[in-house]
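Open the model in your viewer and keep the sequence panel beside it. The stops below give a selection each time, followed by what is found there.

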Amino acid sequence: MKEEIIKIKESALEEISNTQDLKTLNDVRVKYLGKKGELTSVLRGMGALSAEERPVIGSLVNEVRAKIENALNEKEEKFKQAELQEKLEKETIDITLPGAKIKRGSKHPVNRVIEEIEDLFVSMGYDVVAGPELETDEFCFERLNLPKGHPARDMQDSFYITNEYLLRTQTSAVQARTMLANEEKSPIRMICAGKTYRREDDATHSHQFGQVEGLVIDKKERNVSLADLKGTLEIFVKKLIGKNCELRFRPSYFPFTEPSYEVDVSCFKCGGKGCSLCKQTGWIEVLGAGIVHPNVLKMNGYDPEKYGGFAFGTGLDRLAMFKYAIPDMRYLYANDIRFLNQFDRKDEE
Ligand code: PHE
């Protein structure tokens, strides 16, 4: 019987050392130590032994059992370690790999222009102000020297919401609001950019467009003059569009300024030689400007004998076109990603 037990031990240990995976190891465990296992059946035969042999064989079986169990456990531990190792290797993350980039949107060219203009004027001491897009007839027209029935109202076809409220046709409404709100009559230097609306629907106009307005008011003795206006607009246009731009002032008419001017800029496309964009003139009209009309001062709480200043207004879309050499205004509002992508944070990265 002894030899039989030793043989069982040896073959068990050999089989254990030959196993390649947990499953076969388990089979070996069942084969030798299970209820119907080889060692168990040896134990069952113990009844036939003599009283002296029994403890000897008993302790031998126990010893062998412990050996086999040990070997099994050791091997099982090895397999588990290997499995863990494999898992760790498979699941390692290389934190030095570049991350997946999140596609960010970009600022619209018109908003870029607004920010640039605001920065420039703030650097010259202006305040940035805002006004409502849903405006009253009073501020949009009447307080700007455009009473009801004034023929110049025809220049701006409007979207009236009620008899009194309309979508503002010009940021000039903010001129009146700023003057009226300034009770101390301290000097005004303000810039205001925003959306404006007119009932226009041909190919070169959109019913909604952007304007920026500037207003400077000071005491008469400070003598805010046409020369100041000219100098300011020159800095503005050259800084925003380019040093090589030429400016041209033409006499014009606006009800809220006197004298009034229209300011042309040399065509960015042909450099002033004449092309389809500038209709062969070499010039493109960009600004309206002038000396604030005494009626406007009076209507908004300023004594025209004591105060004076200048105002100007311009279309933001035009400026964006100039600045980025965009040939067609409709690109600005078509929401075409191929167009907008071209402005992807170039100056921010
Ligand atoms: N508001 C005028 C327009 O929309 C432009 C302008 C502004 C003219 C300020 C003079 C002074 O046409």
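Does Arg338 count as buried, partly exposed or exposed, and at what relative accessibility? Select Arg338: it counts as exposed, at 63% relative accessibility. Here buried means under 20% relative accessible area, exposed means over 50%, and partly exposed lies in between, with a 1.4 Å probe and protein chains only.

Before going on, note that this is a predicted model, in which local features need pLDDT of at least 70, side-chain atom pairs count only at pLDDT 80 or more, and totals for chains, interfaces and linings use all residues. Residues are numbered from 1 along each chain as its sequence is written, and side-chain values use heavy atoms, with hydrogens and water left out.

**Salt bridges**

Add Asp336 to the selection. Arg338 and Asp336 form a salt bridge, with their closest N and O atoms 2.6 Å apart; the term requires a side-chain nitrogen of Lys or Arg within 4 Å of a carboxyl oxygen of Asp or Glu. Asp336 is partly exposed, at a relative accessible area of 26%.

Next, select Asp137, Glu142, Lys148 and Arg153, which are joined into one network by salt bridges that share partners.

Move to Arg330 and Asp328, another salt-bridged pair, whose closest N and O atoms are 3.2 Å apart. Asp328 counts as partly exposed at 23% relative accessibility.

Then select Lys107 and Glu115. Their salt bridge has its closest N and O atoms 3.2 Å apart. Lys107 is partly exposed at 33% relative accessibility, and Glu115 is partly exposed with a relative accessible area of 37%. The structure holds 17 salt bridges.

**Helix 1**

Select residues 2-18, which make up helix 1. Helices are DSSP runs (H or I, at least four residues) and strands are runs of E of at least two, numbered from the N terminus. The end C-alpha atoms of helix 1 are 24 Å apart, in agreement with the 24 Å expected for 17 residues at 1.5 Å a residue; the expected span is 1.5 Å times one less than the number of residues.

Within helix 1, show the side chains of Ile5, Ile8, Lys9, Ala12 and Ile16, which are buried. They lie on the same side of helix 1, because they cover an arc of only 100° around the axis, taken from the directions from the helix axis to the C-beta atoms. The buried residues pack against helix 2 (22-33), helix 3 (38-44) and helix 4 (53-90), where contact means heavy atoms within 4.5 Å. Turn to the face away from the buried side to find the exposed residues Glu3, Lys7 and Glu14.

**Domains**

Finally, colour 2-90 as domain 1 and 109-348 as domain 2, following the domain assignment, which is automatic or from a database. Their C-alpha centres lie 95 Å apart.
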